[in-house]
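Student: Could we walk through this structure together, one question at a time? I would like to see how you reason from the model.

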Amino acid sequence: MKEKKIKIKWSNNSETYASIGDDWFSIAKKVGLEIPTGCLTGSCGACEIDVNGETVRACITDIKRDKQSVLNVSLTKDPYWEN
Ligand code: FES
């Protein structure tokens, strides 16, 4: 059985499709977004994104299907680093 693609809506109003297990960085790049990175080991939190309201670290999390058919994704804002 062929796996159905997952629709992803980004904060810049772009839409793309991904498969379960795709990495967030390459899918973001397809719509011209760059997810910030730091350690790439899950420690620093630089790569945090919000996926349907849940914060995930993109470097250690693959794309998964959600109960909702669409994943709404935005880059997480860090109140300590932004002024
Ligand atoms: S790049 Fe540091 S947690 Fe992902």
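Student: Happy to start with the contacts. Among contacts in the protein chain between residues at least 6 apart in sequence, what percentage join residues at least 24 apart?

Tutor: Good place to begin, and please keep in mind that this is a predicted model. Take the contacts whose partners are at least 6 apart in sequence, then keep those whose partners are at least 24 apart. The share that remains is 39%.

Student: What pattern do the helix and strands follow along the sequence?

Tutor: The protein chain has 1 helix and 5 strands. Reading along the sequence, the pattern is β-β-α-β-β-β.

Student: In what order do the 5 strands lie in the open sheet?

Tutor: Let's build it from the pairs. β1 and β2 are antiparallel partners over 4 bridges, while β1 (residues 6-10) is joined to β5 (residues 70-75) by 4 bridges in the parallel sense. β5 also pairs with β3, antiparallel over 3 bridges, and β3 (residues 48-51) pairs antiparallel with β4 through 4 bridges. The pairing is therefore mixed, since strands may pair either parallel or antiparallel, and the open sheet reads β2-β1-β5-β3-β4.

Student: Which are the edge strands?

Tutor: An edge strand is one that pairs on one side only. From one strand to the next, the twist averages 35°. The strands that meet the edge condition are β2 (15-18) and β4 (54-57).

Student: Which residue in β5 is the bridge partner of Lys9?

Tutor: Lys9 falls in β1, residues 6-10, which runs parallel to β5. β5 has a bridge to β3 as well, where Asp50 partners Ser74. For Lys9, the partner in β5 is Asn72.

Student: And which residue takes a positive phi in the hairpin of β1 and β2?

Tutor: These two strands pair in the antiparallel sense, with Ile6 opposite Ala18 in β2. The hairpin has 4 residues between the strands. The residue with a positive phi, near 70°, is Asn13.

Student: Now the interior: which element gives the largest share of the largest nonpolar core?

Tutor: That core has 13 residues, and those with the most contacts inside it are Ile8, Trp24, Ile27, Ile35, Ile49 and Ala58. Two elements give two or more residues to it, β1 and α1 (24-30). The largest share, 3 residues, comes from α1.

Student: What does Ile49 touch, leaving out residues up to four places away in sequence?

Tutor: Ile49 is one of the residues with the most contacts inside the core, and it belongs to β3, residues 48-51. Its partners are Trp24, Ile35, Val56, Ala58, Val73, Ser74, Leu75 and Thr76.

Student: Is Arg65 buried or exposed?

Tutor: Arg65 is found in the loop between β4 and β5. A residue counts as exposed if 12 or fewer other C-beta atoms lie within 10 Å of its own. Arg65 has 12 within that distance, so it is exposed.

Student: How far apart in space are Arg65 and Ala18, C-alpha to C-alpha?

Tutor: Arg65 touches Ile6 and Ile20, not counting residues up to four places away in sequence, and Ile6 stands opposite Ala18 in β2. Arg65 and Ala18 are 47 residues apart in sequence, and their C-alpha distance is 9.8 Å.

Student: Last one: what percentage of the 83 residues count as buried?

Tutor: Here a residue needs 20 or more other C-beta atoms within 10 Å of its own. Across the protein chain, the share that counts as buried is 17%.

Notes
Residues numbered from 1 in each chain as written. Predicted model: local features only at pLDDT ≥ 70, side-chain atom pairs only at ≥ 80, totals over all residues. Pairing = 2+ DSSP bridges. Axes fitted to C-alpha atoms, helices over the stretch in contact; angles between N-to-C directions. Core = buried A, V, L, I, M, F, W, Y, C linked by C-beta atoms within 7 Å. Contact = placed C-beta atoms within 7 Å.
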